[in-house]
Amino acid sequence: MNLYTQALHAGYTPKNGEARVLPIQQSTTFVYEKTKDVQALFDLEAPGFFYSRLANPTVDAVEKKIAALEGGVAAMFTSSGQAAAFSIILTLAKAGDHIVSSSSIYGGTFNLFAVTLKRMGIEVSFVNQDASTEEIKAAFRPNTKALFAETIANPGMNVLDIERFATIAHSFEVPLVVDNTFATPFLCRPIDFGADIVMHSTTKYMDGHAVQVGGVVVDSGKFDFAKSSRFEEFNTPDPSYHGLIYTQAFANMAFIVKARVQIMRDIGLCMTAQAAFYLNQGLETLGLRMERHCENALKVAKFLKQHSKVSAVRFCALEDSPYYDLAKKYLNAKGSGVISFEVVGGREGGIRFIDNLKLCSLQVHVADIRTCVLHPASSTHRQLSDEQLQQANITAGLVRLSVGLEDLNDIIADLDKALSFV
Ligand SMILES: *Cc1c(COP(=O)(O)O)cnc(C)c1O
């Protein structure tokens, strides 16, 4: 089925007389007739729902939809995008292990990697994703467990060369993890280009309406955890399941099963049925919304580009963008809906511009149906030092504009007016 059809139908097929719309199964628990039924569930010998921290039918249906959209074998929802990144790392790595990550990533992920994982004994080396293959390879160590990057970096706006990163990761027998939040499967399916694990902050375009926070982890099923020499935990008995061995019991689902039955079970960063229901409503129109986000954003980027009060525009769908070739290869030459640009006058100029907007709202969010702006250096990335800001490809005067679905002329009129105050 085509993506537009999957966005409406994958994951839930009502039977005779059942609800047309995915029902919200607002229940923490599920009933069984015999103890042997429950034993089989606990020993992971039979599928089924027993407690909504581990799985819930509403959540499960929408997970199946996203797995289909991304071309993966299975997906797991989490309570937020942050929780998705955290659960991926915890499934792959433990204290004493190491991760290689692009430095051009979302500020929250950067902090999770640089500060919190470090406190837990997992070290992360940051690399410039546009650096040479040799430089990136030099960051790998014998205990490295993953390579991490974003399809379109938030807010640096660089486009990842997914195939190159996949080749690098696989040469060290580790999976490539891609945060595909900004691209969505309608612009890019990283698994088609060699990514092994894909994640999203579903809070952004997938939900799209700014109503609920959530995240998702998608397993491609393609990384061979049995063959790699780096994943002992996947290939030796787990004492918490009577010595079960993930790669033997679950073959190409080993990663996503381990993420759920070990990390979700113990850490509990689950999504609620209600949140999954809202998310599903967003997913139904994701493809249509992305078309308009991309179209509006490209026209806004062209408007900004020729404006005398704007000194630089970063948007990969502009033909003179250094990332245009990568956008053609991976994003169907689209740029998604987020533009980073610099207003003349640095930090002061950026602030004057934002404070004079009327329609576009100042909000710590992106990928909303309503146009919104943010000044990363004073908000999402304020914990970063100047040097770290530079590494993350952010300048003090950078403005991040998330172009919504309003009428294009209304958006441009508001931007033009506010720029006149700079
Ligand atoms: C927002 C965001 C996150 C974090 O997601 P939350 O849902 O806010 O926890 C991760 N990655 C990217 C690219 C994001 O934009």
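**Close-ups of the ligand site and the two domains**

**View 1. The ligand sits in the second largest pocket.** Keep in mind that this is a predicted model. Around the ligand there are 15 residues, and those that come nearest are Gly 81, Asp 179, Ser 201, Thr 203 and Lys 204.

**View 2. What kind of residues make up the shell around the ligand?** Polar ones number nine here, with three nonpolar and three charged residues making up the rest of the shell.

**View 3. Polar side-chain atoms of Thr 203, Ser 201 and Asn 154 meet ligand oxygens.** Start with Thr 203: a polar atom in its side chain is 2.6 Å from an oxygen atom of the ligand. For Ser 201, an N or O atom of the side chain lies 2.8 Å from a ligand oxygen. Asn 154 joins in as well, with a polar side-chain atom placed 2.9 Å from an oxygen atom of the ligand. And how much of the ligand does the protein bury? Taken alone, the ligand exposes 380 Å², and 92% of that is buried by the protein.

**View 4. Stepping back, the chain is assigned two stretches, domain 1 and domain 2.** Domain 1 covers 3–281, while domain 2 covers 286–419. Taken over C-alpha atoms, the centres of domain 1 and domain 2 are 28 Å apart.

**View 5. Here is where domain 1 and domain 2 are in contact.** How many residues does each domain bring to this contact? Domain 1 puts in 38 residues, and domain 2 answers with 41.

Key:
Residues are numbered from 1 along each chain as its sequence is written. This is a predicted model: local features need pLDDT of at least 70, side-chain atom pairs count only at pLDDT 80 or more; totals for chains, interfaces and linings use all residues. Side-chain values use heavy atoms; hydrogens and water are left out. A residue is near a molecule or strand if one of its heavy atoms lies within 4 Å of it. A polar contact is a pair of N or O atoms within 3.5 Å; within protein, one must be able to donate a hydrogen and the other to accept it, and residues adjacent in sequence count only if both atoms are side-chain atoms. Accessible areas come from the Shrake-Rupley method with a 1.4 Å probe; for residues, only the protein chains shown count as cover. On a 1 Å grid over the protein atoms alone, a cavity is a set of points where a 1.4 Å probe fits but cannot get out, and a pocket is an open set with protein on both sides within 12 Å along at least five of seven lines; lining residues have an atom within 4 Å of a point. A molecule sits in a cavity or pocket if more than half of its atoms lie within 2 Å of its grid points. Ala, Val, Leu, Ile, Met, Phe, Trp, Tyr, Cys and Pro count as nonpolar, Asp, Glu, Lys and Arg as charged, and the others, Gly among them, as polar. Domain bounds come from an automatic or database domain assignment. Contact means heavy atoms within 4.5 Å.
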